Amino acid sequence: MAQQPRQNAYAVILAAGVGRRLGTAADDRPKVLLEFGGRTLLERHLEALRACGVEEVSITVGHRRELIEAEVARLGQSDRVRFVHNPRYREGSLVSLWTQAARLRAADGGGPLLLMDGDVLYDRRLIARLLAAPGENVLLVDRDIEPGEEPVKVCFRGDRIVDFAKRPVHAHDWQGESVGFFRFSPAMAAALADRCAAYVEEGRTALEYEEAIRDLILAAPDRFSATEVTDLPWIEIDFEADVARARSEILPLLERDAA
C-alpha cells in the first residue's frame with residue numbers, strides 16, 4: 001500500500017545534464033535513462049515517489065530532452081509529470097535548479113518540496129525517511145563517505161550542520177556524504193529560488209546548485225537537520241565505474257530487499 005503523502009509533497013528532479021564523465025556508458029542518453037535491472041533510473045524514481053505518496057513531479061530537462069519525455073509517455077506517467085526545459089543546461093546544475101524557480105516559489109497547499117538528483121540508484125526507503133524525518137528542512141546523509149573531493153560532505157558539530165560542500169572550510173566533529181535528496185519547506189524552497197537567481201544574475205552559473213543550499217544552511221542552521229541512511233543501499237552515478245558498481249553491488253541489494 002502506498003504511503004500517504006506528507007502534506008501534498010511535490011518532487012523536482014534534475015535531469016538536464018550531458019553526463020560527459022560517463023564516457024560511452026550512457027550512449028549519449030541522459031543519465032536518468034540508464035537502465036538497471038531492465039528499468040531506467042527515471043522509472044525507478046517515479047515508482048519510488050508514488051510508493052511514498054508523492055504524485056506530482058517536475059523534471060528539469062535539457063540534453064536529449066525528447067528521450068526523457070518519450071520515456072515518461074511510455075511509462076504512462078504523463079498525467080503526473082511536467083517538464084521544465086533548461087536551454088542553458090551545459091552551464092551546470094545551478095542553472096538547472098534556477099529554471100525551476102516558479103515551482104520552488106509555489107507553496108502548493110503548504111506542502112514540502114523534494115529536490116532530487118536524477119543520477120542516483122537507491123532503495124526507495126530513502127524517500128520514505130526523507131518524508132518522515134522531523135524538522136523543517138532535511139538532508140539525507142550517509143556516514144560511509146567515499147574518499148576524495150568528489151562527494152558533497154554534510155559536516156556536523158554535534159547534531160548541528162556546520163558546513164555543506166565538497167571541500168568544507170568550517171571545523172566539524174564528523175561528516176557524511178550527501179545523497180543529493182532534500183526536503184524543503186515552502187518558505188525555504190522560495191529562498192532557494194531567490195539564491196539561485198542571485199547567482200545567475202551575478203553570472204556565476206558555473207557553480208553547482210549545492211552552493212546555493214550551503215548559503216541557506218550557513219545563514220539559518222537551526223532550520224536544517226539531517227537523517228541518516230547509512231544502512232540503505234544507494235549510489236550516485238557520475239563515472240563508468242559507478243555504472244559497473246551499481247549493477248554488481250547495489251542492484252543485487254535492491255532486488256534482494258524487494259523479493
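## Ile-237 and the nonpolar cores

Ile-237 is in contact with Leu-22, Lys-31, Leu-34, Phe-36, Leu-41, Asp-119, Leu-121, Asp-242, Val-243 and Ala-246, leaving aside its neighbours within four places in sequence. The model is predicted. Ile-237 belongs to the largest nonpolar core, which has 46 residues. Together with Ile-127, Ile-237 touches the most other members of that core.

A second core is separate and holds 31 residues. Among them are Tyr-10, Leu-192, Ala-193 and Tyr-209.

## Helix α1

Helix α1 spans residues 41-51. Of its 11 residues, 8 are buried, so the helix is largely enclosed by the rest of the structure. Leu-41, one of the contacts of Ile-237, is among these buried residues. The others are Leu-42, Glu-43, Arg-44, His-45, Leu-46, Ala-48 and Leu-49.

Gly-53 follows just after α1. Its phi is positive, at about 85°.

## Ser-185 between β11 and α6

Ser-185 sits in the loop between β11 (174-184) and α6 (186-201). Is this loop residue buried or exposed? Ser-185 counts as buried because its relative accessibility is 11%, and the cut-off for buried is under 20%.

Which residues does Ser-185 touch, not counting those up to four places away in sequence? They are Glu-136, Asn-137 and Arg-223. With Glu-136 there is also a polar contact: the two side chains are joined at 2.7 Å.

Definitions and conventions
Residues numbered from 1 in each chain as written. Predicted model: local features only at pLDDT ≥ 70, side-chain atom pairs only at ≥ 80, totals over all residues. Heavy atoms only, no water. Helix = DSSP H or I, 4+ residues; strand = E, 2+ residues; numbered from the N terminus. Buried < 20%, exposed > 50% of the residue type's maximum accessible area, 1.4 Å probe, protein only. Polar contact = N/O pair within 3.5 Å; in protein donor to acceptor, adjacent residues only side chain to side chain. Contact = heavy atoms within 4.5 Å. Core = buried A, V, L, I, M, F, W, Y, C linked by side-chain atoms within 4.5 Å.
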